[in-house]
Amino acid sequence: MHPPILPGTLLHHRYRLLGVLAQSSTGWTYLAEDQKRVGDLCVLKEVAAFEPTSDYLPTLRETFQQEASRLYELHHPQIPRFRVVITHLDRLLWVEEYIPGKNYRTLLTERLAQAAVFSEAEVVQLLWQVLPVLNYIHRRSVIHGNLSLDTLIAREPDRLPVLTHFGTVQHIANKLQLITQTEPEFAPIRLGFFGAEGTALENDRSLDFYTLAVTMLMLLTGQSPETLYDSQKQTWQWQLLGKLNSRLTRVLKQMLLQKPKLRYHSAAQIAQALKPLVHAAPEAIGAPTLPTFAASPSPSIALHEPRTAPIENLSSEPVTSESVASESVATE
């Protein structure tokens with residue numbers, strides 16, 4: 001992979017690089033300052049590692065922007081604003097709003113250092129705060145496609161989860177044949193997602209429900225998906241989670257069913273199934289009983305309705321045969 005662009009470099013006569021935030025299979029991710037908005041930080045992510053001629057880059061940038069047009073139309077307080085695609089030498093970079101805070105991998109690492117994990121109450125609240133965002137993007141025919149501990153950020157100072165690094169960007173890069181590596185960055189997508197159909201349904205919203213559930217299991221246990229998933233039997237090892245609330249277990253199991261068509265069909269269905277837990281007293285949802293990790297302390301705030309969208313808004317989808325909430329989990 002080519003080396004990162006040096007700090008201090010001014011891109012597009014506007015974005016001055018402050019340093020590297022991360023590295024992935026598609027390239028480097030940078031933190032930059034918007035010179036036209038003093039003090040305003042943004043993230044520049046290399047969309048793909050490719051080697052086209054410089055004459056081809058303007059056309060490539062225009063094509064990419066057309067393909068990503070739906071992302072520009074997303075306006076939600078828990079989604080970073082997508083700004084523009086720019087080019088620099090032989091590189092294509094995606095510019096989006098910077099979200100201050102820690103991702104959930106960092107938060108989990110901090111818990112594990114104290115021999116603790118996330119409690120059920122915290123996981124239920126996190127689900128409750130993420131579902132309105134998924135409902136919003138799915139109703140606009142957008143799939144996140146890359147939900148994980150790394151792409152969920154607890155924003156400062158309100159601690160609301162923000163969905164970053166949409167997999168849609170990589171999917172577009174694949175579609176335009178900008179890269180040859182098509183394996184998702186989030187390994188759990190491979191675990192149990194390939195059902196009877198034989199292929200992962202990249203445009204199926206159940207992908208987001210599946211990866212969200214995997215993320216919740218990791219927060220509850222501190223274990224990797226490779227540990228929690230038995231690839232030989234193609235089942236999740238629920239016994240490793242200890243004793244969980246039965247309703248929460250049913251919800252997570254349905255989100256993780258091997259066949260996508262058997263999972264929930266909408267974020268509204270999941271919210272409806274979770275609603276009794278959200279309105280329950282915090283002490284009614286206990287911390288997990290784990291053999292290796294101590295229970296984390298009770299969350300500092302009680303479970304409450306999310307400030308971004310009430311349950312009534314989530315449930316406003318037209319009622320069809322596919323949108324009737326069901327808590328039953330089919331056996332595999």
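At roughly what angle do the axes of helix H4 and helix H9 cross? Here are some notes to help you find your way around this predicted model, starting with that pair.

1. **H4 and H9.** Helix H4 covers residues 120–138 and helix H9 covers residues 267–278. Their axes come within 10 Å and cross at roughly 155°. Angles over 145 degrees count as roughly antiparallel, so H4 and H9 are roughly antiparallel to each other. The crossing of H4 past H9 is left-handed.

2. **What lies between H4 and H9.** On the H4 side, the contact is made by Val124, Leu127, Trp128, Leu131, Leu134 and Asn135. H9 contributes Ala267, Ala268, Ile270, Ala271, Leu274, Lys275, Leu277 and Val278. Sorted by class, the residues of this contact of H4 with H9 are 12 nonpolar, one polar and one charged.

3. **H4 and H6.** H4 also packs with helix H6, at an angle of about 160° and with the axes 11 Å apart. H4 and H6 are therefore roughly antiparallel to each other. Here H4 passes H6 in a right-handed crossing, whereas H4 passes H9 in a left-handed one.

4. **What lies between H4 and H6.** From H4, the residues in contact are Glu120, Val123, Leu126, Leu127, Val130, Leu131, Leu134, Ile137 and His138. From H6 they are Asp208, Phe209, Leu212, Met216, Leu219 and Leu220. The contact of H4 with H6 has 12 nonpolar, one polar and two charged residues. If you are following H4 by eye, look for Leu127, Leu131 and Leu134: these H4 residues take part in the contact with H6 and also in the contact with H9.

5. **H8 and its partners.** Helix H8 spans residues 246–255. Its buried residues are Leu248, Thr249, Val251, Leu252, Gln254 and Met255. They pack against H4, H6 (206–221) and H9, the helices you met in the points above. The N-terminal end of H8 is capped by asparagine 245, with a side-chain oxygen 2.9 Å from the backbone nitrogen of arginine 247.

6. **The loop between E8 and E9.** Next, a loop worth a look. Strand E8 (152–155) and strand E9 (161–163) are joined by the loop that holds proline 157. The peptide bond from glutamate 156 to proline 157 is cis, with omega near 5°. Arginine 159 sits in the loop between E8 and E9 as well. Its phi is near 65°, a positive value in a residue other than glycine. Arginine 159 is partly exposed, with a relative accessible area of 42%.

7. **Alanine 115.** Another positive phi, of about 55°, belongs to alanine 115, although it is not a glycine. You will find alanine 115 in the loop between helix H3 (104–113) and H4. With a relative accessible area of 37%, alanine 115 is partly exposed.

8. **Threonine 164.** Is threonine 164 buried or exposed? Its relative accessible area is 2%; buried means under 20%, so threonine 164 is buried. Threonine 164 is placed in the loop between E9 and helix H5 (167–175). Setting aside neighbours within four places in sequence, threonine 164 is in contact with Pro80, Ile99, His144, Asp150, Thr151 and Ile153.

Conventions: Residues numbered from 1 in each chain as written. Predicted model: local features only at pLDDT ≥ 70, side-chain atom pairs only at ≥ 80, totals over all residues. Heavy atoms only, no water. Axes fitted to C-alpha atoms, helices over the stretch in contact; angles between N-to-C directions. Helix = DSSP H or I, 4+ residues; strand = E, 2+ residues; numbered from the N terminus. Parallel < 35°, antiparallel > 145°, perpendicular 65-115°, else oblique. Left-handed = near helix turned anticlockwise from the far one by under 90°. Contact = heavy atoms within 4.5 Å. Nonpolar A, V, L, I, M, F, W, Y, C, P; charged D, E, K, R; others polar. Buried < 20%, exposed > 50% of the residue type's maximum accessible area, 1.4 Å probe, protein only. Polar contact = N/O pair within 3.5 Å; in protein donor to acceptor, adjacent residues only side chain to side chain.
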